[in-house]
Amino acid sequence: MANKYQRFETAVIHEGYDELEMLGSLSVPLFQTSTYVFNSAEQGERRFSGEEEGFVYSRLGNPTVRVLEERIARLENGEKGLAFASGMAAVSAVLLSLTKANDHVLCSAGLYGCTYGLLMMLKEKYNITSDFSLLDSEDEIHAKIKPETTLIYVETPINPTMKLIDLELVSKVAKQYGIPVVVDNTFSTPYLQRPIDLGCDIVLHSATKYIGGHGDVIAGLVAGKADFIDELAMSARKDIGGIMSPFDAWLLLRGLKTLPIRMDRHCKNATHIFKKLNGHPKIGSIYFPGNTDAEDGKIAAKQMHKGGGVISFEIKGSKRDAQRFMNRLKFIKIAVSLGDAETLIEHPATMTHAVVPEESRLEMGITDQLIRLSVGLEAWEDIWDDLEQALAAST
Ligand SMILES: *Cc1c(COP(=O)(O)O)cnc(C)c1O
């Protein structure tokens, strides 16, 4: 059924869908149904036993959601994909399926706040421990892997400090131990970075961000080897049940069509804004994967096609100065999330990463003055004008 399109820009529009199988409908139909009718009791028996392929019940699979799952698998170069109700439903499904009581998870030095929160919960309930590391040399990775380590979980760029992890290096070492490497690819999207091509095993997304791209849906996606995805579907999806709704899949299929052109624009706008912010007298440290002079610029050049649309920077002064600066902005919105058409700004220490204890937060580089900016699709000159007036007014 699936058309195997060669190039990314074509696959985001066509992969996994055949119009002629759906009465010629150009747009993927929205299958807003909970269940599927069998033509006989025997057919029902065959569907349940797996002897006959076909839909049974929408928690186990839905035709609209299926198109999206095939599409993300192709875009990430995984064998199969699976959709979830949120990024966190995807994260928790993957973590629960790869761990049991007393296991150990090795993580990048910095994670999305709720992923961190989930790991703390797993520690408390099941004694699943975790360690955090920049994973920046072979020796460091070897040193951090324990006999009970069952997976390596990486974000790159790391939210919100934008530090980068060398995925090829991590997957090379992990292979020596037979441990899977999971990558949260939310910030890069498969357009900018494809972890599976770099030897990693499983990729997941908060599709709420760039993949949806329009700030109107909460969703998660996973891609990887067929064996793993089939198991995830039969365990976490079937029995925990954090599934994506057909309408959300429909919105994501629409959003995905423009992913490459949106990402090009996000990256271009962010590069302009970075150049203006970098060296500004009111700005301290600044973190942006598109900064070729940065320490990890080499990693960016190796594994990212472009620098992405998120910049984090410190306002010189205190937490109060950072908040005052945000309050002076005129059209840039104070909001968490990222990857939308609108430019969004947030304060990680008191918002997305407020759940992380202060000591770990500071270790990760999340100071009280740090601000995260998701550069939108507006004219970059307007975005800069707004930032500049808010900076000029600050004390
Ligand atoms: C937002 C986000 C998540 C969580 O996704 P939701 O869709 O909000 O559940 C996970 N990882 C990263 C990097 C994120 O930015």
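**Close-ups of salt bridges and the ligand site**

Asp230 is partly exposed, with a relative accessible area of 35%. That residue opens this set of close-ups, all drawn from a predicted model.

**View A. Asp230 and Lys80 meet in a salt bridge.** The N-to-O distance between these two side chains is 2.7 Å. Asp230 belongs to helix α9 (residues 226–240) and Lys80 to strand β1 (residues 80–84), so this pair ties together parts that sit 150 residues apart in sequence. Like Asp230, which comes in at 35%, Lys80 counts as partly exposed, here with 36% relative accessibility. As a general point, side chains of opposite charge can pair when their charged atoms come close. Across the structure, the tally of salt bridges is 16.

**View B. Asp239 pairs with Lys238.** The closest N and O atoms of this salt bridge are 3.0 Å apart. Are the two partners buried or exposed? Asp239 has 56% relative accessibility, so it counts as exposed, the cut-off being over 50%. Lys238 has 26% and goes down as partly exposed.

**View C. Arg372 and Glu346 form a salt bridge, and both residues are buried.** Here the closest N and O atoms lie 3.5 Å from each other. Which elements does the pair tie together? Arg372 is in strand β12 (residues 370–374) and Glu346 in strand β11 (residues 344–346), so the link joins parts 26 residues apart in sequence. Buried, for both of them, means under 20% relative accessible area.

**View D. Arg46, Arg47 and Glu52 make up one network.** What joins these residues is a set of salt bridges that share partners.

**View E. The ligand and the residues around it.** Going along the sequence, we meet Ser86, Gly87, Met88, Tyr112, Asn159, Asp184, Thr186, Phe187, Ser206, Thr208, Lys209 and Ala219. Sorted by class, this shell has four nonpolar, six polar and two charged residues.

**View F. Polar atoms of Gly87, Asp184 and Lys209 next to the ligand.** How far is the polar side-chain atom of Asp184 from a nitrogen atom of the ligand? The distance is 2.7 Å. Lys209 also brings in its side chain, with a polar atom 2.8 Å from an oxygen atom of the ligand. Gly87 uses its backbone: a polar atom there is 2.9 Å from a ligand oxygen. On its own the ligand has 380 Å² of accessible area, and the protein covers 92% of that.

Key
Residues are numbered from 1 along each chain as its sequence is written. This is a predicted model: local features need pLDDT of at least 70, side-chain atom pairs count only at pLDDT 80 or more; totals for chains, interfaces and linings use all residues. Side-chain values use heavy atoms; hydrogens and water are left out. A residue is near a molecule or strand if one of its heavy atoms lies within 4 Å of it. A polar contact is a pair of N or O atoms within 3.5 Å; within protein, one must be able to donate a hydrogen and the other to accept it, and residues adjacent in sequence count only if both atoms are side-chain atoms. Accessible areas come from the Shrake-Rupley method with a 1.4 Å probe; for residues, only the protein chains shown count as cover. Ala, Val, Leu, Ile, Met, Phe, Trp, Tyr, Cys and Pro count as nonpolar, Asp, Glu, Lys and Arg as charged, and the others, Gly among them, as polar. A salt bridge is a side-chain nitrogen of Lys or Arg within 4 Å of a carboxyl oxygen of Asp or Glu. Helices (H or I, at least four residues) and strands (E, at least two) are DSSP runs, numbered from the N terminus. Buried means under 20% relative accessible area, exposed over 50%, partly exposed in between (1.4 Å probe, protein chains only).
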